[in-house]
Amino acid sequence: MLDPKILSQVREVLGGLSTSFTFVVERDAADEKSAENSRFVEEVASCSPKLDVVYRDGAGFRFSILRDGQETGISFRGIPSGHEFTSLLLVLLNGDGKGRNLPDDAITARIRALSGDIHLTTYVSLTCTNCPDVVQALNIMALLNPSITHETVDGAVCRDEVERHNIQAVPSVYMGGELLHVGRGTLGGLLEEIEDKLGVDPIAGVSKAQHSADILVLGGGPAGAAAAIYAARKGQSVALVARRIGGQVNDTTAIENIISVPQTTGSRLAADLAAHLAAYPIAVYSDRQITGVDFSGPVKRVETRGGETFLAPRVIIATGAGWRRLGLENEDKYIGHGIHFCPHCDGPFYKGKDVVVIGGGNSGVEAAIDLAGICRHVTVLEFGPQMRADSVLQDKLRSLSNVTIHLSSQTFALSGDGTRLTGIDVRNLNSGAERHMDLDGVFLQIGLKPNSDVFRDAVSTTKRGEIIIDERCHTSVSGVYAAGDVSTTPFKQIMIAMGEGAKAALSAFEDSIYQPF
């Protein structure tokens with residue numbers, strides 16, 4: 001099943017395993033598909049003498065993983081091929097202590113503090129680019145805490161369960177049979193959701209560490225990474241606190257406007273940012289949620305969930321932005337059940353159906369073009385009097401026979417049957433006329449909202465929440481700087497964010513010379 005070149009690469013990756021792993025396959029031996037799936041597992045096992053396979057009778061096809069004869073709590077229903085192949089390899093590498101995405105001591109302590117039987121199931125699509133992040137995060141939790149089990153389910157081969165749960169978006173994570181999480185996610189975010197679900201205090205039983213640095217960078221996207229690297233190059237001690245390295249870049253597919261890099265992807269760029277950060281003595285604290293800040297004194301204070309405190313005389317805020325929502329009643333209820341953000345991940349659920357894309361910028365038009373290839377009909381609703389996307393994208397969109405465009409259109413209400421979205425109400429901003437649209441799904445592409453809520457009482461912001469800065473990235477508070485999409489810098493672009501991050505670091509360094517505290 002696996003290409004010889006891929007097998008060769010896998011042998012190289014797994015060649016250094018020092019721990020023994022067993023794939024325990026449960027299958028119906030008479031079923032032809034189960035036999036084919038078994039060959040996949042056997043081929044992976046052939047890549048290292050530390051891997052073997054045992055078989056048990058069962059219905060369908062499922063395999064779990066033992067480490068030195070002990071259950072890891074990790075299993076797969078269906079074959080983890082496609083984007084999930086890396087998830088399988090990382091179970092082995094992380095279980096052997098050789099993985100590169102294992103959490104630091106503070107996050108590990110919080111994972112191990114979770115108690116009780118925690119059974120997690122994630123439904124995925126093998127073409128989903130966001131699913132592996134969630135699968136890999138939950139697999140790490142299972143490896144670190146014997147109370148946690150995690151099963152990854154290929155929704156394409158378990159359609160009855162997908163229909164029973166009314167799953168319309170991936171990844172969909174269930175905990176004890178109840179929906180826990182839908183869509184893209186990080187290790188830190190998923191840990192927070194589990195803690196909240198269990199009613200666990202994230203500080204209880206965890207060491208309340210305090211960290212100090214010359215410069216504290218908040219955010220790990222293009223602006224944050226650039227700021228940290230530039231500060232480190234100036235000989236400053238740097239600590240970087242972020243939800244995830246790469247930030248919003250992780251959710252971008254093709255990137256073709258970084259000068260000197262004709263083409264890359266969001267995941268590749270995020271990995272490159274992480275590698276560049278690792279080349280400098282930068283203390284990186286990922287999977288952190290900032291819960292409070294105090295910028296009133298000469299030494300700034302930042303607190304994160306889990307009880308950690310970060311201290312520095314200068315702080316650069318580069319927390320970026322997140323997907324903007326409509327702000328309508330029942331919106332949260334229908335996210336993942338008719339309301340979506342990623343056409344690549346959730347578009348396949350709407351093959352042959354009618355969908356609406358809200359937003360006429362580049363991301364909205366690109367989403368509409370993608371969806372038009374699989375959906376029966378796509379309607380694009382743009383709030384403004386004209387489309388904002390690049391002309392080449394607009395020309396492509398208008399050439400498609402199954403796309404309708406409505407300008408000056410405002411969505412003002414949502415309707416559904418309690419389990420999924422079934423329609424929206426739209427107002428024409430010129431005539432005031434209102435109409436109801438029946439539909440199967442909505443994809444929101446209406447821009448970004450600055451991730452600035454935790455800073456609003458500490459620094460000056462605009463009504464939209466952007467942190468106000470001057471031409472040198474100074475905020476309203478001495479010693480505090482901001483850069484990238486969270487700030488008033490115009491044109492929210494990766495290239496610009498990188499430049500602004502570098503500028504903020506240089507401003508902070510210059511101020512440390514001429515305006516020492």
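Guide: Two strands count as paired if DSSP finds at least two bridges between them. The model before us is predicted, and that criterion can be applied to its sheets.

Visitor: What makes strand 10 and strand 11 a pair?

Guide: Strand 10 (residues 215-218) and strand 11 (residues 238-241) are joined by 4 bridges. The criterion asks for at least two, so the two strands qualify as a pair, and they run parallel. Within this pairing, Leu 216 stands opposite Ala 239 of strand 11.

Visitor: To what kind of sheet do strands 10 and 11 belong, and in what order do its strands lie?

Guide: They belong to an open sheet of 5 strands with parallel pairing, ordered 14-11-10-18-29.

Visitor: Why are strand 14 and strand 29 said to stand at the edges?

Guide: Strand 14 (282-285) and strand 29 (480-482) each have a single partner strand, so one side of each lacks a neighbour in the sheet. From one strand to the next, the twist averages 20°.

Visitor: How do you know that helix 8 packs on the sheet, and what is its direction relative to strand 11?

Guide: Contact requires heavy atoms within 4.5 Å. Helix 8 (residues 222-233) touches strand 10, strand 11, strand 14 and strand 18 (314-317). Its direction makes about 170° with that of strand 11. Angles run from 0 to 180 degrees between N-to-C directions, so a value of about 170° describes directions that are nearly opposite. Helix 14 (residues 494-514) lies across strand 10, strand 18 and strand 29, and runs at about 165° to strand 18.

Visitor: Which strands form the antiparallel open sheet, and in what order?

Guide: That sheet has 3 strands in the order 24-25-26. Strand 24 (409-416) and strand 26 (434-438) are its edge strands, each pairing on one side only. The twist averages 25° from one strand to the next.

Visitor: What makes strand 24 and strand 25 a pair?

Guide: Strand 24 and strand 25 (residues 421-428) are linked over 7 bridges in the antiparallel sense. At least two bridges are needed, so the requirement is met by these 7. The bridge partner of Gly 416 is Leu 421, in strand 25.

Visitor: Why is the pair of Trp 323 and Phe 341 called stacked?

Guide: Rings pair if their centres lie within 6.5 Å, and planes under 30 degrees apart count as stacked. The ring centres of Trp 323 and Phe 341 are 6.4 Å apart and their planes stand at 20°, so both conditions hold and the pair is stacked. By this rule, the count of aromatic pairs comes to 9.

Visitor: Why is the pair of Trp 323 and Phe 341 said to tie together parts of the sequence?

Guide: Trp 323 lies in strand 19 (residues 321-323), whereas Phe 341 lies in the loop between strand 20 (339-340) and helix 11 (343-346), so the pair links parts that are 18 residues apart in sequence.

Visitor: How many cavities of 30 Å³ or more does the structure hold, and what lines the largest cavity?

Guide: The structure holds 1 such cavity. The volume of the largest cavity is about 40 Å³. Its lining includes Phe 76, Arg 77, Glu 84 and Asp 154, and strand 4 (70-77) and strand 6 (148-154) each supply at least two lining residues. By class, that lining has 5 nonpolar, 2 polar and 3 charged residues.

Visitor: Which helix supplies the largest share of the lining of the second largest pocket?

Guide: The largest share, 3 residues, comes from helix 6. The lining of the second largest pocket divides into 11 nonpolar, 4 polar and 4 charged residues.

Terms used. Residues are numbered from 1 along each chain as its sequence is written. This is a predicted model: local features need pLDDT of at least 70, side-chain atom pairs count only at pLDDT 80 or more; totals for chains, interfaces and linings use all residues. Side-chain values use heavy atoms; hydrogens and water are left out. Ala, Val, Leu, Ile, Met, Phe, Trp, Tyr, Cys and Pro count as nonpolar, Asp, Glu, Lys and Arg as charged, and the others, Gly among them, as polar. Rings of Phe, Tyr and Trp (its six-membered ring) pair if their centres lie within 6.5 Å; planes under 30 degrees apart count as stacked, over 60 as edge-to-face and the rest as tilted. On a 1 Å grid over the protein atoms alone, a cavity is a set of points where a 1.4 Å probe fits but cannot get out, and a pocket is an open set with protein on both sides within 12 Å along at least five of seven lines; lining residues have an atom within 4 Å of a point. Grid points are joined across faces, edges and corners, and a volume is the space filled by probe spheres set on the points.
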